[in-house]
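Reader: I should like to request a close look at one part of this structure, namely its salt bridges, set in the context of the chain as a whole. Which residues form them, and how exposed are the partners?

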Amino acid sequence: MSRGVHIRDREKNLDAVTRPCKVRKNGKYTFSIILTQLNRQIRRMCEALGYKVTKLVRIRIMNVELGSLKSGAVRKIEGQELKKLYEQAGTHEGTGGAFE
């Protein structure tokens, strides 16, 4: 996974190599993956290597820690957290537009 994983799925017309990611073993049957991809891509990558994903938990989106936020719930992002998010996204705060 640290060099990317080749995923081929003829039914979905998918033939690609994933982005490299960081992997940390947490226990005999568990590990953490740090990358910027979608859950479905993580599942496909693990499947391609013979792993079965039984639980997948998103803990952070960019700099925003999700903590105990339940699925479908929302929370306000403000202050330094919001400023950092805009910086990472390359936009001006409140405009939604790109930096010039």
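Author: The chain is described first, and the salt bridges are then taken in turn.

This is a predicted model, in which local features need pLDDT of at least 70 and side-chain atom pairs count only at pLDDT 80 or more, while totals for chains, interfaces and linings use all residues. Residues are numbered from 1 along each chain as its sequence is written, and side-chain values use heavy atoms, with hydrogens and water left out.

The mean pLDDT (the predictor's confidence in each residue, from 0 to 100) of the chain is 81, and 87% of its residues reach 70 or more. Among the elements, strand β4 (residues 31-34) has the lowest mean, 79, and helix α2 (residues 79-89) the highest, 88. Where pLDDT is low, the predicted coordinates should not be read in detail.

The chain holds 2 helices and 6 strands, arranged along the sequence as β-β-β-β-α-β-β-α. Helices (H or I, at least four residues) and strands (E, at least two) are DSSP runs numbered from the N terminus. Of the 100 residues, 14% count as buried; here buried means under 20% relative accessible area, exposed over 50%, and partly exposed in between, with a 1.4 Å probe and protein chains only. The largest nonpolar core consists of Met1, Val5, Ile7, Cys21, Ile42, Met45 and Cys46, and helix α1 (residues 39-48) gives the most to this core, with 3 residues. Such a core is a set of buried Ala, Val, Leu, Ile, Met, Phe, Trp, Tyr and Cys residues joined through side-chain atoms within 4.5 Å.

As to the part requested, a search of the whole structure finds 2 salt bridges, each defined as a side-chain nitrogen of Lys or Arg within 4 Å of a carboxyl oxygen of Asp or Glu. Side chains of opposite charge can pair when their charged atoms come close.

One salt bridge joins arginine 8 to aspartate 15, with the closest N and O atoms 3.6 Å apart. Arginine 8 is exposed, its relative accessible area being 53%. Aspartate 15 likewise counts as exposed, at 51% relative accessibility.

The other joins glutamate 81 to arginine 75, where the closest N and O atoms are 2.8 Å apart. Glutamate 81 is partly exposed, with a relative accessible area of 22%, and arginine 75, at 35% relative accessibility, also counts as partly exposed.
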